[in-house]
Amino acid sequence: MFGMHLIKFTVVALLVGATVRCGATAGQARAASPVISLRSVGEPASRVVAAVARSSGRDLAVSKELAGQKLVVIVRQMPTDRVLAAVAELLGARWVAAGKGAQRLERLPGVRDWCSRRALARADAEKRAKEVGRRFIRSNMDEALSHVDDPDWDAGGSLDRGLTQFLKTIPPAALDRLSQSMMEMTPVRPGGARATDPPPALVIPAEELTQGQRDVLGAWLTGRSREATDFNSRLAADLPRCSVALTSTDGVGVDVQIARPGDAGRTATFAVFGSAYSPAKLDALASAETADWARANPPPNQAALGSVPDDIGRPDRAVTIDSEEEAGRQVEMPTRRLLRTEFLCQFADAVGVAIVADHYTLADRAEARTAPLRQLLQGVVGAYATAFRIRDGVLLARRLLWSEDDPREAPWPHPDPWLSAKREGRPLALVDVARMAALSNEQLDALGCYRDGPVTLERETVACRASQRQRRALVWYAGATEAERRGMNEAGGTPVGRLSADRARELISVTDPRVVAAGVRIAVVVAQGAVTDTASLVLLLPDGRREPLASVGGVTTP
């Protein structure tokens, strides 16, 4: 069985009446078009094309734009020209001359232009979705302010009426800034992490607090003194010396922070109320607008195998087969729910056709069952959001949302090994989470919302974003050499002074220049649990103190 996380790569070159040598000229190889067999699942176009080049003696390359595109290529004794043409057709690309006898795979200009325009349309749609979300937050503020004095108003359990009275003393412009800040903290994609520790929308120094504001806060603090901590009691007694800030710590709730001088920088944060759009809601708004744009500006035929959305967003001409006889052929498939790449591999084995398809890390499953070929493919179009085309014994399969998938797909070889470990019940290693932290925000968002039954990477992606410092520290660890990681995992760690100048400078950017002081060591300290460990990257200071840089639970270490 070939699952989505199996990467198997085999190339056989056959040239009748001649011998294929690395030294053969490109012209000779093209003239003969050697027959190859290839099974590659989930590898990038650059590796697939490089293997074909080695087997055929041709000088082939892939543009940077397409080099990382992951593919599923399963062909049996097919002429090289047909394989290369199928890859180009799938990706909306073409082979262009790149020097003497050389060829390079490049995206068609029309497809590239459409991709750029669609990316701009999506960005604009996200801005408008966030503006809708901002107005929602601001309208809820106004509703709370206008009804807070009404004892019969059902405010819900999340509103603090006393602190809402304080909000009534805040200038509307500051509330506008706060609602804008809350939206800027909120990701548009499901799985994305909200930004933390934004600057306050308003800071009122102690000397600028009005008597009315002090009275409102004093009455509120006094009213909760029975259940307040000693720190909060001191706030009530020393309110004239306190500064007050209006902020949001999570992008969902409105918070009032009260800071008392002389308490070692401690700040008390009190929630007023919480009401904001979720990332899923924002994504739905932006996606609907982008889909409208795509229907009005359909991609070139070369971009999605000629399939375009119909008036209500369903794919039109999503399954095309050049032979009606082939379309009615009964296909024996096991009745089970398959991931898209699993389906493609099993379909290739069951039908015997060649397959050239894109590959993305998707948790969408569809039920495969024995059926006529056309009916089988039509049954999975919706779940896989894929257009299928069979022509001359080759099945091309292209995700209809490929332009959205591209920036969200982690570069090969990830994340397949991480998901394989999860499916087998094995925890990831600390270095795996560190490499995850080095991904882009969009790629982390995609991994964060991956759900395939119990298989998820949510815990790890949350750890990557626990704080900006933690993420920078993990990225630094991901860049360590094997020798550096071995040293950090040994008892007592490794002296910072042994790091290269570049690595030391990178570490300083995570912490501060003190890390290069004599006697400072950096180590991975493990707290062992019953099943998994919690690993912390820490600085071991000469006086015996430990300064934590990052901590990740549920991982293994060497």
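This report describes selected side-chain environments in a predicted model, moving from one glutamate to aromatic rings, charges over rings and one helix.

**Glu106 and its surroundings**

Glu106 belongs to strand 6, which spans residues 102–107, and its relative accessible area of 18% makes Glu106 buried, because the limit for that class is under 20%. Leaving aside residues up to four places away in sequence, Glu106 touches Ser63, Leu66, Ala93, Arg94, Val96 and Arg112. The side chain of Glu106 also makes a polar contact, at 2.5 Å, with the side chain of Arg104. Although Glu106 and Glu65 are separated by 41 residues in sequence, their C-alpha atoms lie 7.7 Å apart in space.

**Aromatic rings**

The count of aromatic pairs in the model comes to five. For the pair Trp114 and Trp402, the ring centres are 6.2 Å apart and the planes meet at 40°, so the pair is classed as tilted, an angle between the limits of 30 and 60 degrees. This pair links distant parts of the chain, since Trp114 lies in helix 5 (residues 109–147) and Trp402 in helix 14 (residues 402–408), with their positions 288 residues apart in sequence. Trp114 counts as buried at 5% relative accessibility, and Trp402 likewise counts as buried, at 2%. Together with Trp293, Trp114 and Trp402 form one aromatic cluster.

**Charges over rings**

Two cases in which a charged residue lies over an aromatic ring are set out below, each with the distance to the ring centre.

| Charged residue | Ring | Distance to ring centre |
|---|---|---|
| Lys281 | Tyr277 | 5.6 Å |
| Arg503 | Trp476 | 4.1 Å |

In the first row, Lys281 lies over the face of Tyr277, while in the second row the charged end of Arg503 sits over the ring of Trp476.

**Helix 15 and what it packs against**

Helix 15 covers residues 416–423, and within this helix Asp416, Trp418, Leu419, Ser420 and Ala421 are buried. Which elements do the buried residues of helix 15 pack against? The partners are two strands and two helices, namely strand 21 (428–429), helix 16 (430–437), helix 17 (441–448) and strand 23 (455–456). Helix 15 is followed by Gly425, a residue whose phi is positive, near 75°.

Definitions and conventions
Residues numbered from 1 in each chain as written. Predicted model: local features only at pLDDT ≥ 70, side-chain atom pairs only at ≥ 80, totals over all residues. Heavy atoms only, no water. Helix = DSSP H or I, 4+ residues; strand = E, 2+ residues; numbered from the N terminus. Buried < 20%, exposed > 50% of the residue type's maximum accessible area, 1.4 Å probe, protein only. Contact = heavy atoms within 4.5 Å. Polar contact = N/O pair within 3.5 Å; in protein donor to acceptor, adjacent residues only side chain to side chain. Phe/Tyr/Trp six-rings, centres within 6.5 Å; stacked < 30°, edge-to-face > 60°. Lys NZ or Arg CZ within 6 Å of the ring centre and 35° of its normal.
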